[in-house]
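Dear colleague,

I am passing a protein structure on to you and would be glad if you could look it over. Please have the sequence and the model open while you read the notes below.

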Amino acid sequence: MGAKVLILVTVAVAMLRMVLGASHTVGAPAGSWDQQTNYTLWASRTRFIIGDELQFQYSTTVHNVVEVRKAGYDACNSSSPIATFLTGNDVVPLAAIGTRYFICGVPGHCGAGMKVQVNVRLKAVRTVQRCRGTGKRLRCRFETVLSSATTAGIDQSAVARLGLAVVATGLMLFF
Ligand SMILES: [Cu+2]
């Protein structure tokens, strides 16, 4: 009983992680949001999928985060921000496909390289249920299939609901 619950919880957590996406701490693991990290290199080593999130970690007395458009990014100009983050532990959801631009708004920092752009891509998540047997002896397995999709956009919240429904079904079959 206890083991079953543990297995189920583990599966549910793994499934939700897959559905809800990954968290990327900007600059990690070698750095964070600072003036030493090469963010071009960092971003090139990371895959940003729709539903993921960015985390900016820094000292609020030294830095901040300003989301800007491409022109602001190229010119290190934070005068017309899309959003400004000041908490030192800022979470930025990547909810749409496209390129996002972030710079440090402290004078001189962006020019010294404290800027990062990320390309958010689409990846489809499909959960497939396979069952064997009949009636109460039905045994089901859930497989989450990740595949690159260039076709129609997928509503993430619908995918998340599907994941929860699958977990709920699993619970009913378990007990
Ligand atoms: Cu800074």
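What follows is a short account of what was found, going from the whole chain to a few single residues.

Please keep in mind throughout that this is a predicted model. The secondary structure of the protein comes to 4 helices and 10 strands, and, read along the sequence, these elements follow the pattern α-β-α-β-β-β-α-β-β-β-β-β-β-α. Of the 175 residues in the protein, 22% are buried. Among the contacts with a separation of 6 or more, 67% are between residues 24 or more positions apart in the sequence.

Turning to the strands, there is an open sheet formed by 3 of them, in the order 1-3-6 and with mixed pairing. Strand 1 (23-25) and strand 6 (89-93) stand at the edges of this sheet, and because each has a single partner strand, one side of each is left without a neighbour in the sheet. From one strand to the next, the twist averages 25 degrees. In general, the strands of a sheet pair through backbone hydrogen bonds, in either a parallel or an antiparallel sense. Here strand 1 and strand 3 (residues 53-57) pair in the parallel sense, over 3 bridges, and Ser23 stands opposite Glu53 in strand 3.

The loop between strand 1 and helix 2 (39-44) deserves a look of its own, with Gly31 placed in it and Pro29 found there as well. The peptide bond from Ala28 to Pro29 is cis, with omega near 5 degrees. As for Gly31, this residue counts as partly exposed because it has 16 C-beta neighbours inside 10 Å, where 20 or more would make a residue buried and 12 or fewer would make it exposed. Leaving aside residues up to four places away in sequence, Gly31 touches Gln36 and Thr37. Gly31 and Gln57 are 26 residues apart in sequence, while their C-alpha atoms are 9.6 Å apart in space.

A last residue to inspect is Cys76, which lies in the loop between helix 3 (70-75) and strand 5 (83-85). Although Cys76 is not a glycine, it has a positive phi of about 55 degrees. With 19 other C-beta atoms within 10 Å, Cys76 is partly exposed, since a residue is called buried if 20 or more such atoms lie within that distance.

With best regards

How values were computed. Residues are numbered from 1 along each chain as its sequence is written. This is a predicted model: local features need pLDDT of at least 70, side-chain atom pairs count only at pLDDT 80 or more; totals for chains, interfaces and linings use all residues. Two strands pair if DSSP finds at least two bridges between them. Helices (H or I, at least four residues) and strands (E, at least two) are DSSP runs, numbered from the N terminus. Axes are lines fitted to C-alpha atoms, for helices over the stretch in contact, and angles run from 0 to 180 degrees between N-to-C directions. Two residues are in contact if their C-beta atoms, placed from the backbone, lie within 7 Å.
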